[in-house]
Amino acid sequence: MSASHLSFVLGGARSGKSRHAESIITAYPAPWSYIATAQALDGEMQERIAEHRARRDDGWETLDVPFELAGALSSVETGRPVLIDCLTLWLTNVMLADRDVEAEIRGLAEVLASPRGPWVVVANEVGLGIVPDNALARAFRDHAGRLNQTVAAAADSVILTVAGLPMRVK
Amino acid sequence: MSASHLSFVLGGARSGKSRHAESIITAYPAPWSYIATAQALDGEMQERIAEHRARRDDGWETLDVPFELAGALSSVETGRPVLIDCLTLWLTNVMLADRDVEAEIRGLAEVLASPRGPWVVVANEVGLGIVPDNALARAFRDHAGRLNQTVAAAADSVILTVAGLPMRVK
Amino acid sequence: MSASHLSFVLGGARSGKSRHAESIITAYPAPWSYIATAQALDGEMQERIAEHRARRDDGWETLDVPFELAGALSSVETGRPVLIDCLTLWLTNVMLADRDVEAEIRGLAEVLASPRGPWVVVANEVGLGIVPDNALARAFRDHAGRLNQTVAAAADSVILTVAGLPMRVK
């Protein structure tokens, strides 16, 4: 694996994608950067964030970046291993804030096209169920699918996690 | 790949399945037939259809076949590369029109068992989410799953697209 | 395949997971045990159960075990091929009965860690759709994902069924 390398870890809910992504990063020497996109808007989210945080011990620097992902990535140190967890929550934030989703995705794609260290991006696959009833959920699903395709195209390796196990896609 | 060959491309929403299916077909010399099952019943569908059409340039002949898929396939020229996009919309049409789903699937399966050229069928995988609340959605999911199994059993190759990338299943 | 072996067959709705699991078991000499977790609470479930039962001929002993899965497995004969179908319905039963889900999963995991014959566990993957609206469905999805990870970690082989076809995950 070269010094600059983009990995993309994709999976369903509770499929072990964060854990697998962490194992990729921690194979490199610390310190590692963790870019968290989650916003603790309710108790359920607070609990999930706390659980993920508890798993990461010393060696991790955590940055909370609900929106300015491209900017945050542009300013990380060259060579630093970075985990972005997760892209799908970032997309949710962008959509709920009524930002220009297409422009935001383009901006992010530009930065991810030239990783400056071993970067690992985590995202949810959300398109394998029944078509949702409401238009917002369908729009979200479409954006998430296109975003995943964009990142997967740029990535050097793509992993689908299933029941905690990695399946290589690329 | 022999002259008569059935490929089945299965994937989630916005997983790049149509694009992948097109790349299989266009590896053969033009002209190619595109059998479109979508009905432009609302603005959202019209937009999707227009987007897919815009990607296909000269060399494609497009047939709109919302219902009589078996019939349309029976009358395509021998040796002609054919893309059927997609089976899941066809199933939706058949169910909404209150036709005999099992009989329709049997009729289609019979034709797909003997492709007369390189044929590629596209379908959605819809069974990997939470069990839907309403009985119609559950029935749809069951029919779609059985239909996919039927086509996959007949197919010479089966591909699952994930984030725009092909995973070989068969 | 050694005499004591845990296989885990995971898949979406109507993806052929039960059929694939049965093919693993029936490669061993009869008699085979079938541990059914389904409760025939309504007509739809009765129909599904009857359909699965009709496929299994002589050679099968069927045990209905909606709740006490760990106990039932502890008392099966050593060396006996056992099919557990399915884990996700068992989880549903446990949650609806307001039992302690985490404790029940721990108890089951303990028994599955030491299979005493060729055992095959079937489960649904339910985490690859849009985040469900209601909190109970989200909790179910989380428990199901964690349960699947637990069983997959203990299993000697893990298969994802897609459109009736097996994909090896482990």
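This report walks through how chains A, B and C meet in a predicted model.

Local features here need pLDDT of at least 70, side-chain atom pairs count only at pLDDT 80 or more, and totals for chains, interfaces and linings use all residues. Residues are numbered from 1 along each chain as its sequence is written, chains are lettered from A in the order in which they are written, and side-chain values use heavy atoms, with hydrogens and water left out.

Let's start with the symmetry. Lay chain A on chain B and you get an RMSD of 0.0 Å, with a turn of 120° and a shift of 0.0 Å along the axis; the fit is by least squares on the C-alpha atoms of residues with pLDDT of at least 70 in both copies. The two copies are therefore related as by a three-fold rotation axis. On chain A, A:Gly129 has the C-alpha nearest that axis, at 2.4 Å.

Now the interfaces. Contact means heavy atoms within 4.5 Å, and buried area is the accessible area (1.4 Å probe) that two parts lose on being put together, summed over both. A salt bridge puts a side-chain nitrogen of Lys or Arg within 4 Å of a carboxyl oxygen of Asp or Glu.

| Interface | Residues in contact | Buried area | Salt bridge |
|---|---|---|---|
| Chain A and chain B | 20 of chain A, 24 of chain B | about 1,700 Å², 63% on carbon and sulfur | A:Asp142 and B:Arg14, 3.4 Å |
| Chain C and chain A | 20 of chain C, 24 of chain A | about 1,700 Å², 63% on carbon and sulfur | C:Asp142 and A:Arg14, 3.4 Å |

Who does the burying? On chain A, the residues that lose the most area to chain B are A:Leu128, A:Ile130 and A:Gln149, together 37% of what that side buries. Against chain A, chain C relies on C:Leu128, C:Ile130 and C:Gln149 for 36% of its buried area, more than any other three residues give.

The salt bridge count between chain A and chain B is one. Chain C and chain A have six residue pairs in polar contact, both residues at pLDDT 80 or more. (That's a pair of N or O atoms within 3.5 Å, one able to donate a hydrogen and the other to accept it; residues adjacent in sequence count only if both atoms are side-chain atoms.) On the side of chain C that touches chain A, strand 1 (5–11), helix 6 (135–154), strand 6 (157–162) and strand 7 (165–168) each supply at least two residues. Helix 6 of chain C gives the most, with eight. Helices (H or I, at least four residues) and strands (E, at least two) are DSSP runs, numbered from the N terminus.
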